[in-house]
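Here's a quick briefing on one protein chain. Have a look at the sequence and the 3D picture, then read on.

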Amino acid sequence: MPFSELDRRHMAEALRLAAEHAFTTKPNPMVGCVIAQGSEVVGRGAHQRAGEPHAEVFALRESGARAVGATAYVTLEPCAHFGRTPPCADALVAAGVMRVVAAIRDPFHAVAGRGFTALQAAGITVEHGLLAEEAEWLNRGFLMRARQGRPWVRVKLAMSLDGRTAMASGESKWITGEAARADVQAYRARASAILTGLGTVLADDPRLTARVPEGVEVVPPMRVVLDHHGALPRACSLLDGEAPTLVAHADDIVPDYGPTVEGFAVPRRDGHLDLLAMLAQLATRQVNEVQVEAGATLAGAFLRAGLVDELLLYVAPVVLGERGRPLFGGLGIERMDERFGLERLEVHAFEDGDLRLTYRPKR
């Protein structure tokens, strides 16, 4: 369906509004709305927190009577069901909006086309597909969970120019500079969960919290540890109660992690925890995006299982030498035709010489 340059400009503004609340809407999607009379924007809004009004409500409040006959640009299909808030489709109808342009259809089972149907039944013109790729990327975690029953998996790694993540001893702090490390915190803040393995806990005792500038609101991501044998130390920082913590363990043991964490059982596959089954359990807990911050063994296991959706790679202008530890372990690649292909999405350069490279596996 053809859209005008004006349509594109209004939808781009709606996407920008949605992205402003990337740290606070989880487990809900990020949604923005612009209501316009031709080139004039009469209302703007974005969903800010789960349980609070949706983007359309804020935009309609601002537009008031000027919504009559207007076009509403929404980054996701308006809802048509009663959840914690009333249906947005009904609000648009009541306000007198005559046209709704949505970026994408909402695959969530309670919506899934019902919002469009309700609007059309009221005589409102409905169009969708405008800036769909951008809208899909913005809410990649929510959409993955709704469509495939698992969270989006982002693997974060930092390496030297010669592809090493740590010294042979395991020493790894710090490969990259302050700017790159602050950038990682922003990705943590938008994630629903930060996941690591027992080996990383034993080596580094990480906190796995999102540390953002003072005054920036964040819904804390939960911390997830894969602890196959139930050997997580009771004195580790992840059991400090600072953020919700889950520990995945094999289903044939019953470990006691104390009152500050929740353990959950995962079946084994080939002697290891079944990663897909573990992700499915996280999806039932409304986890949209998982950020994996682990060593080469676990990172390699996700890649080998075909469960890496996004690779966030920080590269520092340093050389650690041939004895350093690699990015991925256990891949068992022996021939060129067995290699894993990656598609580059973005390259960002920091002033101190570090790079952030964003890839996704070629499907």
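Right after helix α4 comes G123, whose phi is positive, near 90°. Helices here are DSSP runs of H or I with at least four residues, strands are E runs of at least two, and both are numbered from the N terminus. Keep in mind that this is a predicted model, where local features need pLDDT of at least 70, side-chain atom pairs count only at pLDDT 80 or more, and totals for chains, interfaces and linings use all residues. Residues are numbered from 1 along each chain as its sequence is written, and side-chain values use heavy atoms, with hydrogens and water left out.

**Helix α4**
- α4 covers residues 114–121, and G115, F116 and L119 are buried in it (buried is under 20% relative accessible area, exposed is over 50%, and partly exposed is in between, with a 1.4 Å probe and protein chains only).
- Those residues sit on the same side of α4, because they cover an arc of only 100° around the axis (the arc is that of the directions from the helix axis to the C-beta atoms).
- Flip to the face turned away from the buried side and you'll find T117 and A121, which are exposed.
- The cover over α4's buried residues includes α3 (88–95), β4 (99–102) and β5 (125–128).

**A36 in strand β1**
- A36 belongs to β1, which is made of residues 32–37.
- A36 is buried, as its relative accessible area is 1%.
- Leaving out residues up to four places away in sequence, A36 touches H10, V41, V42, A70, T71 and Y73 (touching, or contact, means heavy atoms within 4.5 Å).
- A36 and G69 are 33 residues apart in sequence, yet their C-alpha atoms are 9.3 Å apart in space.

**The whole chain**
- The protein chain has ten helices and 18 strands.
- Its radius of gyration is 22 Å, which agrees with the value near 21 Å for a compact globule of 363 residues (it is taken over C-alpha atoms, and the globule rule is 2.2 Å times the number of residues to the power 0.38).
- Along the principal axes, the C-alpha atoms fill a box of roughly 65 × 45 × 45 Å.
- Of the 363 residues, 51% are buried.
- Take the contacts with a separation of 6 or more: 69% of them come from residues 24 or more positions apart.
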